[in-house]
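Colleague: I am new to this structure. Please take me closely through its buried interior, and then through the unusual spots in its backbone.

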Amino acid sequence: MPPRPRTNAPTLSYEVERATLGNGLRVVVTPDRSSPVVAVAVYYDVGIRSEPEGRTGFAHLFEHLMFQGSASLGKTDHFTYVQGSGGTLNGSTHLDYTNYFELLPSSATELAMFLEADRMRSVALTQDNLDNQVAVVQNEIRVNVLNRPYGGFPWILLPPVLYSTFANAHNGYGDFVDLEEATLADAQAFFDRYYAPGNAVLTVAGDVEVGDVLRLAEQHFGDIVGRPVPERPSFAEPGPTGEQRVVHVDRLAPAPAVSMAWRVPDPADLDDYLPYVVLAEVLTDGDASRLQDRLLMKDRTATSVGGYLGVMGDPLDARDPTPFLLELHHPPEVTADTLLASVDEELDRLATGGLQPGELERTVARMRARYLREIDPVLGRAQVMTVFEQQRGRAELVNELPGLLATVTAQAVRAAAGTLAGDRAVLEIQPGDAA
């Protein structure tokens with residue numbers, strides 16, 4: 001008889017209301033009157049995987065351009081109004097979306113919605129703004145990648161080993177030549193194609209009334225002209241056959257490192273996907289995890305161990321294809337082959353011997369606690385809900401995820417471990433000079 005799912009998951013009941021404007025903009029509202037703050041988030045269904053060939057880094061560059069003013073606002077006005085109201089703001093670029101968000105006192109809800117609507121309607125695309133932000137992004141690359149130890153490890157350097165198509169394998173931060181060759185016509189075409197209202201989700205969470213938010217959404221966003229929404233292509237491609245291996249020399253790295261990645265099921269199928277999310281925690285999270293106990297405490301062959309789903313570290317914010325990824329830093333006297341063999345042994349031990357009594361319950365409880373901390377603030381909740389709405393059409397998953405985690409069985413985790421065999425990508429980091 002199969003084991004019955006655990007039923008001690010917390011029950012969440014965050015309210016979810018939604019509407020779609022005539023121009024296609026999807027609006028999600030989740031009231032929370034526990035604190036007089038509001039989070040406003042706009043997620044556009046465009047990310048690194050949407051970039052055309054020859055324009056690496058363009059999605060991230062465009063995120064910068066969206067902060068450079070609009071028809072009604074000068075270059076720094078968005079920051080001035082939000083921060084002057086006691087709020088914070090930011091944006092970020094991911095594989096499958098670009099987001100913009102504010103956290104403000106709830107009395108400033110209309111301000112945040114006006115600001116987001118104004119740049120959705122009429123971002124200021126000028127040659128001066130483009131040249132300035134190309135320089136800013138290039139400097140980010142220098143600081144965060146080129147002049148930092150392990151700067152591209154593994155999120156930039158590993159995808160070309162794991163994938164073969166441009167969409168999945170290319171450098172999302174961008175090539176300097178590609179960035180410099182970007183034109184205003186490229187920027188306008190990108191905006192027209194991907195920044196249409198029907199390609200976005202607006203989420204408002206916090207101390208608000210649903211009716212008031214929907215009225216403000218219609219008032220500020222409703223007259224933005226709707227445009228055709230691009231059909232999202234499939235980025236699916238075959239997984240690696242055998243072990244694909246690359247060595248990268250990092251002149252700034254003080255010690256070697258190795259990362260390995262396997263392809264996993266489509267994240268859209270949570271029943272098949274969540275066992276891998278739990279497996280990553282079983283292997284790497286906490287002193288009692290399999291690989292931390294083996295590599296850090298017993299063998300002392302690694303100095304740090306990490307594991308996660310997705311090259312950007314969030315298991316629930318990307319579509320297919322997505323990797324299961326392990327990242328190990330180690331002393332110079334330890335070889336990458338030694339660590340790979342240890343990982344293989346632990347995976348085999350888990351696949352053949354299963355989980356220890358209490359191991360799954362302890363792991364899932366820790367995952368749920370971390371998730372509840374993430375969504376407790378209204379901004380964290382708005383961000384999670386917007387991804388769920390954008391990628392799965394179900395912001396309600398914010399309430400359901402703890403229960404879904406509770407249904408993951410030890411057998412499913414064991415089976416997931418058994419699929420992580422030789423068909424993988426391996427990236428070694430070796431310190432030293434390229435010469």
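Modeller: What follows goes from the aromatic residues to a helix, a polar side chain, the nonpolar cores and the backbone.

First, the ground rules. This is a predicted model, in which local features need pLDDT of at least 70 and side-chain atom pairs count only at pLDDT 80 or more, while totals for chains, interfaces and linings use all residues. Residues are numbered from 1 along each chain as its sequence is written, and side-chain values use heavy atoms, with hydrogens and water left out.

Start with the rings. Rings of Phe, Tyr and Trp (its six-membered ring) pair if their centres lie within 6.5 Å; planes under 30 degrees apart are stacked, over 60 edge-to-face, and the rest tilted. The count comes to 17 aromatic pairs. Take Tyr44 and Tyr195: their ring centres are 4.2 Å apart and their planes stand at 35°, so this pair is tilted. Tyr44 belongs to strand β3 (residues 37–44) and Tyr195 to the loop between α8 and β6 (200–206), so the pair ties together parts 151 residues apart in sequence. Helices (H or I, at least four residues) and strands (E, at least two) are DSSP runs, numbered from the N terminus. Both Tyr44 and Tyr195 are buried. Buried means under 20% relative accessible area, exposed over 50%, and partly exposed in between (1.4 Å probe, protein chains only).

Ring pairs also build a cluster, whose members include Tyr44, Phe58, Phe62, Phe67, Phe191 and Tyr195. Charges meet two of these rings. A charge sits over a ring if NZ of Lys or CZ of Arg is within 6 Å of the ring centre and within 35 degrees of the ring normal. Arg119 lies over the face of Phe67, 4.6 Å from the ring centre. Arg227 has its charged end over the ring of Phe191, at 5.3 Å from the centre.

Phe58 and Phe62 lead to the next element. Both are among the buried residues of α1. This helix spans residues 58–65, and 8 of its 8 residues are buried. Its cover includes β4 (88–93), β5 (98–105), α4 (127–146), α7 (176–180) and α8 (184–194).

Tyr44 leads to Gln390, which touches Arg26, Tyr44, Asp45, Asp96, Tyr97, Val201 and Arg319, leaving out residues up to four places away in sequence. Contact here means heavy atoms within 4.5 Å. Gln390 sits in helix α14 (residues 378–392). Is its side chain buried or exposed? Gln390 counts as buried because its relative accessible area is 5%. Two polar contacts can be named. Such a contact is a pair of N or O atoms within 3.5 Å; within protein, one must be able to donate a hydrogen and the other to accept it, and residues adjacent in sequence count only if both atoms are side-chain atoms. One joins the side chains of Gln390 and Asp45 at 3.2 Å. The other runs from the side chain of Gln390 to the backbone oxygen of Asp96, at 3.0 Å.

Now the nonpolar cores. A nonpolar core is a set of buried Ala, Val, Leu, Ile, Met, Phe, Trp, Tyr and Cys residues joined through side-chain atoms within 4.5 Å. The largest has 54 residues, and Met260, Val278, Leu279 and Phe324 have the most contacts inside it. Helix α10 (residues 270–284) gives the most to this core, with 10 residues. Val278 is in contact with residues including Leu360, Met367, Leu405 and Val413. Another core lies apart, with 53 residues, among them Val38, Ala59, Val210 and Phe221.

Next comes strand β8 (residues 257–263). It is largely enclosed by the rest of the structure, because 6 of its 7 residues are buried. Two strands pair if DSSP finds at least two bridges between them. β8 runs antiparallel to strand β10 (residues 323–329), with 7 bridges. There, Arg263 has Pro323 as its bridge partner. β8 also pairs with strand β11 (residues 424–431), again antiparallel, over 5 bridges. Ala261 faces Ala425 in β11.

Last, the backbone. Most residues other than glycine have a negative phi, and most peptide bonds are trans. Phe153 and Pro154 are joined by a cis peptide bond, with omega about -10°. Pro154 is in the loop between α4 and α5 (159–162). Tyr150 is in the loop between α4 and α5 too. Its phi is positive, about 60°, although Tyr150 is not a glycine. Asp320 and Pro321 also share a cis peptide bond, with omega about 0°.
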